[in-house]
Amino acid sequence: MKVEVHIWDWPLRLFHWLLVIAVVGAYATGKLGGNLTDWHARFGSLILGLLVFRLIWGFIGTTHARFTSFFPTFSRLVEYVKGEWQGVGHNPAGAIAIIALLAVLSVLTVTGLFANDDIAFEGPLFHAIDKELSDKLSGWHIFAVNILLGLVAVHVTAVVLYQRLKKTNLVGAMLTGKKQLPRSLAPSPIKPVGPFRFVITLLIAVTVVWGVWSGGFVEYLAPLASFQSASANPKS
């Protein structure tokens, strides 16, 4: 017999759907370009803030939002391959997909901060490095987009297969936070999210985004540009 259990907290679910909106928005505006380039940067900033939030929430959030609860360790992977894994949150295969998506999005976000398009766009940290390195990072940024598209395709396919083959509604679970589980596996209900942890995490994420766009980080990274210039033009 299965019971419905509350697994995922609302900050995690809010992060998930805001990230979906931000990624779709960043991709669409990046492809269209032109007057939408500024919006591409805005969506990229939202992704940056969301990634910082998720990183912190992965350590201080509720049980199943924490990385330790679903990190795909070797033993968990072996159990999953053998069909012996019994968990309540993300399974090891799903955990690998999540980590890969977060890693690629991090690469996209960081490279975008230093990127340029040789026309009108310059990332907020463009002046912290030299043009040659910025061009390289711009190329990596474009390459990472293709990897992201592949991962998104795999993720969507897995969601559809789970719905059709296992009758598991992953979309609904990420909307409500609830999941159908055998009674024997049902954990204790998660405790409500305290406002202090959420507010602190949100403030840190907002501060990072503000620091990037206010130019504060450029000042700290300025020595990097000087070092690059010195390395590129050594004294004879």
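Reader: Why is His127 called exposed?

Author: In this predicted model, the relative accessible area of His127 is 57%. The term exposed requires a value over 50%. His127 therefore meets the criterion and is classed as exposed. The residue belongs to the loop between α5 and α6. In space, its C-alpha atom is 9.7 Å from that of Gly215, although 88 residues separate the two in sequence.

Reader: What is notable about the backbone at Gly215?

Author: Gly215 comes after α8 and has a positive phi, near 95 degrees.

Reader: Why is Thr201 called buried?

Author: Its relative accessible area is 0%, and the term buried applies under 20%. Thr201 therefore falls within the buried class. This residue is part of helix α8. With neighbours within four places in sequence set aside, its contacts are Phe53, Ile56, Trp57 and Ile60.

Reader: Which residues of α8 are buried?

Author: They are Phe198, Thr201, Ala205, Val209, Gly211 and Val212. A general point on helices is relevant here. An α-helix has 3.6 residues a turn, so residues three or four places apart point the same way.

Reader: How do you know that the length of helix α8 agrees with its number of residues?

Author: Helix α8 covers residues 195-214, which is 20 residues. At 1.5 Å a residue, the expected span is 28 Å, and the end C-alpha atoms lie 27 Å apart, so the two values agree.

Reader: What does the corresponding test give for α6?

Author: For the 35 residues of α6, the expectation at 1.5 Å a residue is 51 Å. The end C-alpha atoms are 51 Å apart, so expectation and model agree. The buried residues of this helix are Ser134, Leu137, Ser138, His141, Ala144, Leu148 and Val159. They pack against α1, α2, α5 and α7.

Reader: Which residues have the most contacts inside the largest nonpolar core?

Author: Leu19, Ile47, Leu105, Phe114 and Leu148 have the most contacts inside this core, which has 46 residues. At least two core residues come from each of β1, α1, α2, α3, α5, α6, α7 and α8. For Leu148, residues up to four places away in sequence being left out, the residues touched are Val23, Leu101, Val104, Leu105 and Leu108.

Reader: What makes the phi of Lys167 worth a remark?

Author: The angle is near 55 degrees, a positive value in a residue other than glycine. Most residues other than glycine have a negative phi. Lys167 is placed just after α6, in the loop between α6 and α7. Its relative accessible area is 67%; the limit for exposed is over 50%, so Lys167 is exposed.

Reader: What is the phi of Asp118, and why is this residue called exposed?

Author: Asp118 has a positive phi near 65 degrees and is likewise a residue other than glycine. Its relative accessible area is 60%, which passes the limit of over 50%, so the residue is classed as exposed. Asp118 is located in the loop between α5 and α6.

Reader: How do you know that β1 and β2 pair?

Author: Pairing requires at least two bridges. Five bridges join β1 to β2, so the two strands count as paired, and they run antiparallel. Among the bridge partners are His6 and Lys178, the latter in β2.

Reader: Which residues form the covered and uncovered faces of strand β2?

Author: Lys179 and Leu181 form the covered face, while Lys178, Gln180 and Pro182 form the uncovered one. In a regular strand the side chains alternate between the two faces of the sheet.

Reader: Where does UniProt place the feature "transmembrane region"?

Author: The unreviewed UniProt entry places it at residues 12-29, 41-60, 95-115, 140-162 and 193-213. In the model, residues 95-115 are 95% helix and 0% strand, with end C-alpha atoms 30 Å apart. Residues 140-162 are 100% helix and 0% strand, with a corresponding distance of 33 Å.

Reader: Where is confidence lowest in the protein chain?

Author: Confidence is lowest in helix α9, residues 216-232, where the mean is 56, and highest in α2, at 96. Where pLDDT is low, the predicted coordinates should not be read in detail. For the protein chain, the mean pLDDT is 87, and 89% of the residues reach 70 or more.

Conventions
Residues are numbered from 1 along each chain as its sequence is written. This is a predicted model: local features need pLDDT of at least 70, side-chain atom pairs count only at pLDDT 80 or more; totals for chains, interfaces and linings use all residues. Side-chain values use heavy atoms; hydrogens and water are left out. UniProt positions are given in the numbering used here, feature names are shortened, and annotations may be inferred rather than shown by experiment. Helices (H or I, at least four residues) and strands (E, at least two) are DSSP runs, numbered from the N terminus. The expected span of a helix is 1.5 Å times one less than its number of residues. Buried means under 20% relative accessible area, exposed over 50%, partly exposed in between (1.4 Å probe, protein chains only). A nonpolar core is a set of buried Ala, Val, Leu, Ile, Met, Phe, Trp, Tyr and Cys residues joined through side-chain atoms within 4.5 Å. Contact means heavy atoms within 4.5 Å. pLDDT is the predictor's confidence in each residue, from 0 to 100.
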